[in-house]
Amino acid sequence: MTATETLARRGSAEVYAYLRAQILDLGIPPDSKVNIDALGRELGVSQTPIREALHQLEGDNLIVKTPGRGYRTTPLLRFEQLREMFELRLLIEPWGARAAAVNRLSNPGRALESGLKNYIADSAININARHLLVSHDMQFHDQILSASHNEFAHQAIRATHCHLHLFRLYPADWSSEQTIEEHAAIVEAVRDCDPDAAEKAMHDHLMGAYHRFAGAFAQEHDHGPRPSTAVRLC
């Protein structure tokens, strides 16, 4: 049974997962029109689960609906948007890691360590490693901000849907070796209740990720305009 035949037997949750994967893998190109009728024919489903899935994808900021023009996938991030996204993350997430490391009663270190070990084991046998990486990365950063017990900061990062947009932008760490190493440093610091080390490890991780993704905009040896140094994006 093919994937589309399976979808025809299921509902909007499966259609959503399928369309999200297609958008993230650029199977449905960025900034392109989404034809509901064509999708219905392709997947063998009615318009209802497709519309429900597209509504969810709007919430992920992967789809935008314009009155009179229908649905389109959102464009890829521009360099300036990448810089601004990481400036925001650098303002919030190193502080979040520090806050998570301070609280010994609700310290997420063991949960983070378990999640990282599970990801490493799963990625060794999973052929769809890129999707596994984005799921792990989203959960990892979400757990840390949740442990900070600051819902405003937590929701500010969630609202960017940064992991989904970075995933579409550039396969910056295909093997995930750098991400694993940087996450491990954060886990160790949080688990050991070392707020200074946790803050630094998160800062170093975000800086590393920024420069990896900035490579998507490189023109030979020119990496484009330098980002603001206000939050040490250098």
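Strands β2 (residues 63-66) and β3 are a good place to start: they run antiparallel and are joined by 4 bridges. Keep in mind as you look that this is a predicted model. You can follow the pairing residue by residue, with Ile63 standing opposite Thr73 in β3 and Thr66 having Gly70 of β3 as its bridge partner. Between the two strands of this hairpin there are 3 residues, and Gly68 takes a positive phi near 80 degrees.

Strand β3 has another partner as well. Strand β1 (residues 33-34) is joined by 2 bridges to β3 (residues 70-73), and these strands also run antiparallel. Here Lys33 stands opposite Arg72 in β3. If you are tracing side chains in this part of the model, it helps to remember that in a regular strand they alternate between the two faces of the sheet.

Now move along the chain to helix α5, which covers residues 79-102. What span should its 24 residues have? At 1.5 Å a residue the expected value is 34 Å, and the end C-alpha atoms are 35 Å apart, which agrees. The helix nevertheless bends by about 30 degrees at Leu90, and a proline, Pro94, follows within four residues. When you look along a helix like this, recall that an α-helix has 3.6 residues a turn, so residues three or four places apart point the same way.

Helix α5 also takes part in an aromatic contact. A search of the whole structure finds 1 aromatic pair. The rings are those of Phe86 and Tyr210; their centres are 5.7 Å apart and their planes meet at 70 degrees, so the pair is edge-to-face, planes over 60 degrees apart being counted that way. This pair links distant parts of the chain, since Phe86 sits in α5 and Tyr210 in helix α11 (residues 195-214), 124 residues apart.

Finally, turn to the second largest pocket, which holds about 230 Å³ of space. Its lining has 14 residues, and those closest to the centre are Met138, Asp142, Arg158, His161 and His163. Which helices supply at least two residues each to this lining? They are α2 (12-24), α7 (129-147), α8 (151-158) and α9 (162-169). Helix α7 gives the most, with 4 residues. Sorted by class, the lining of this pocket is a mixture of 6 nonpolar, 4 polar and 4 charged residues.

Key:
Residues numbered from 1 in each chain as written. Heavy atoms only, no water. Expected span 1.5 Å × (residues − 1). Bend = angle between axes of the 7 residues up to and from the residue. 1 Å grid on protein atoms, 1.4 Å probe; cavity = no way out; pocket = protein on both sides within 12 Å on 5 of 7 lines; lining within 4 Å. Points joined across faces, edges and corners; volume = space filled by probe spheres on them. Nonpolar A, V, L, I, M, F, W, Y, C, P; charged D, E, K, R; others polar. Pairing = 2+ DSSP bridges. Phe/Tyr/Trp six-rings, centres within 6.5 Å; stacked < 30°, edge-to-face > 60°.
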